[in-house]
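Here is a short tour of side-chain pairings and buried residues, written with a modeller's eye in mind. Keep the viewer open and follow along.

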Amino acid sequence: MQTNPPCSPSYSPSYSSLVAVGDSFTEGMSDLLPDGSYRGWADLLAARMAARTPGFRYANLAVRGKLIGQILDEQVEAAAAMRADVVTLVGGLNDTLRPRCDMGRVKALLTEAVERLAPSCKQLVLMRSPARQGPVLERFRPRLEALFACVDELAERHGALVVDLYGAPSLSDPRMWDVDRLHLTAEGHRRVAEAVWQTLGHEPEDPEWRTPLPPAPRPGWLTRRVADVRFARQHLLPWIGRRLTGRSSGDGRPPKRPELLPCTDLVRQTADAELS
C-alpha cells in the first residue's frame with residue numbers, strides 16, 4: 001500500500017487522463033452547481049490536472065446509489081477499456097449501510113473490481129471514505145473498518161495508492177456534510193480533491209486540508225430538533241422507502257461523463273468560480 005508520497009520541487013507526476021468509478025460520493029453529491037448539476041471532488045481534481053496538462057482527458061462513470069456489485073457490473077469493464085493513466089475506485093459504502101450486509105461478499109466484489117482495474121492503468125487510487133461524526137458512524141463503524149482493511153490489503157497487493165479520508169479530522173466534522181448527512185458540502189469535496197492531488201504526488205495547494213474547522217457554538221436544543229425533523233422528512237424516510245421497495249436513487253440514471261474526453265469545460269468552470 002502506498003499513501004501520500006512525498007512531494008518535492010523536483011518531482012511532478014505526469015498524467016494525461018483520469019477515470020472516476022463509484023457512487024454518489026464520486027458523482028459529486030452534494031456539491032450543487034447553479035444549473036442543478038453536481039460537481040464534486042473528481043471534477044475538481046480533473047480540472048486541476050487538465051490546467052497543467054494540455055489535452056488531458058477525463059471520464060466520470062460514477063452513479064449515485066450504486067452498490068459495489070453494480071459498480072463492478074456497470075462501470076469497471078468500461079473504465080478498464082479506457083486505459084487511463086489514473087483510475088479512482090470508491091465503492092462498498094452503500095453496501096455497509098444496508099440493514100443486511102454480507103461483508104464477505106462486499107470484499108470479494110471489491111477485490112474483483114481492483115483486480116480488473118489495476119492492470120489497466122498506470123495508477124489505481126483507492127480511498128478510505130470519510131465518515132460524519134454521529135450515531136450512524138458508531139452503528140456502522142465495524143463494517144466500515146472491515147471495508148477499509150480490505151482496501152488497505154488490496155492496495156498493498158496491487159500497488160494502488162490509498163487516500164485516507166476516514167482518518168482526516170476535518171472531514172468528520174458535521175459542518176462538512178450536507179443537510180442529508182450522507183454527502184459532503186462543496187468545501188468537503190474541495191478538501192477531498194486536494195487530498196487526492198497530494199496523494200498522486202503533486203505539490204500541495206492546501207497543506208492544511210486535514211485541519212479541523214475552528215470550534216463553533218453548539219446549536220441550541222430546538223435548532224437541533226428542527227434539523228432532525230427536517231432531515232427525517234426530506235431524506236431519511238425517502239431513503240428507507242427506497243430500501244424497502246428495492247429501488248435506488250440512481251436507477252436509470254446514466255453517468256455524467258461516460259466518455260474519456262478533454263475537459264476544458266471544467267477548467268473554465270473552475271476559473272470562473274475562483275473569479276466570482
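Let us begin with Asp85, which counts as buried at 9% relative accessibility. Please keep in mind throughout that this is a predicted model.

Asp85 has a charged partner: Lys122 forms a salt bridge with Asp85, and their closest N and O atoms are 3.8 Å apart. Lys122 sits in the loop between helix H5 (103-117) and S4, while Asp85 sits in the loop between helix H3 (68-82) and strand S3 (86-90), so this bridge ties together parts that are 37 residues apart in sequence. The two ends have contrasting surroundings, for Lys122 is exposed, with a relative accessible area of 61%, whereas Asp85 is buried at 9%.

Next to Lys122 in the numbering comes Gln123, found in strand S4 (residues 123-128). Gln123 is buried, with 10% relative accessibility. Setting aside neighbours within four places in sequence, the contacts of Gln123 include Asp85, Val86 and Val87, along with Tyr15, Gly159, Ala160, Leu161 and Leu200. Of these partners, take Leu200: Gln123 and Leu200 are 77 residues apart in sequence, yet their C-alpha atoms are 8.7 Å apart in space.

Now for more salt bridges. The whole structure holds 20 of them, and helix H8 (residues 186-199) offers a pair built on Glu187. Arg190 bridges to Glu187, and Arg191 bridges to Glu187 as well. Here are the three bridges described in this report:

| Positive residue | Negative residue | Closest N and O atoms |
|---|---|---|
| Lys122 | Asp85 | 3.8 Å |
| Arg190 | Glu187 | 2.9 Å |
| Arg191 | Glu187 | 2.8 Å |

Arg190 and Glu187 are three residues apart in H8, about one turn of the helix. Arg191 and Glu187 are four residues apart in helix H8, again a separation of about one helical turn. Salt bridges that share partners also join Arg48, Arg52, Glu194 and Glu205 into one network. As for exposure around Glu187, Glu187 counts as partly exposed at 30% and Arg190 as partly exposed at 28%, but Arg191 is buried at 9%.

Arg48, a member of that network, has an aromatic neighbour too: Arg48 lies over the face of Trp197, at 5.0 Å from the ring centre.

What about rings paired with rings? The structure holds two aromatic pairs. In one of them, Phe25 and Trp41 have ring centres 5.8 Å apart and planes at 40°, an angle between the 30 and 60 degree cut-offs, so the pair is tilted. Phe25 belongs to helix H1 (residues 24-27) and Trp41 to helix H2 (residues 41-52), so the pair ties together parts that are 16 residues apart in sequence. Both rings belong to buried residues: Phe25 has a relative accessible area of 12%, and Trp41 has 0% relative accessibility.

Finally, have a look at Asp23, in the loop between strand S1 (17-22) and H1. Which side chain of opposite charge is nearest to buried Asp23? That is Arg98, 10.0 Å away, and Asp23 has no salt bridge. The side chain of Asp23 does make a polar contact with the side chain of Asn94, at 3.5 Å. Not counting residues up to four places away in sequence, Asp23 touches Asn94 as well as Ala62, Val63, Arg64, Gly65, Lys66, Ile71, Val90 and Gly91.

Methods:
Residues numbered from 1 in each chain as written. Predicted model: local features only at pLDDT ≥ 70, side-chain atom pairs only at ≥ 80, totals over all residues. Heavy atoms only, no water. Phe/Tyr/Trp six-rings, centres within 6.5 Å; stacked < 30°, edge-to-face > 60°. Helix = DSSP H or I, 4+ residues; strand = E, 2+ residues; numbered from the N terminus. Buried < 20%, exposed > 50% of the residue type's maximum accessible area, 1.4 Å probe, protein only. Lys NZ or Arg CZ within 6 Å of the ring centre and 35° of its normal. Lys, Arg positive; Asp, Glu negative; His and termini not counted. Salt bridge = Lys/Arg side-chain N within 4 Å of Asp/Glu carboxyl O. Polar contact = N/O pair within 3.5 Å; in protein donor to acceptor, adjacent residues only side chain to side chain. Contact = heavy atoms within 4.5 Å.
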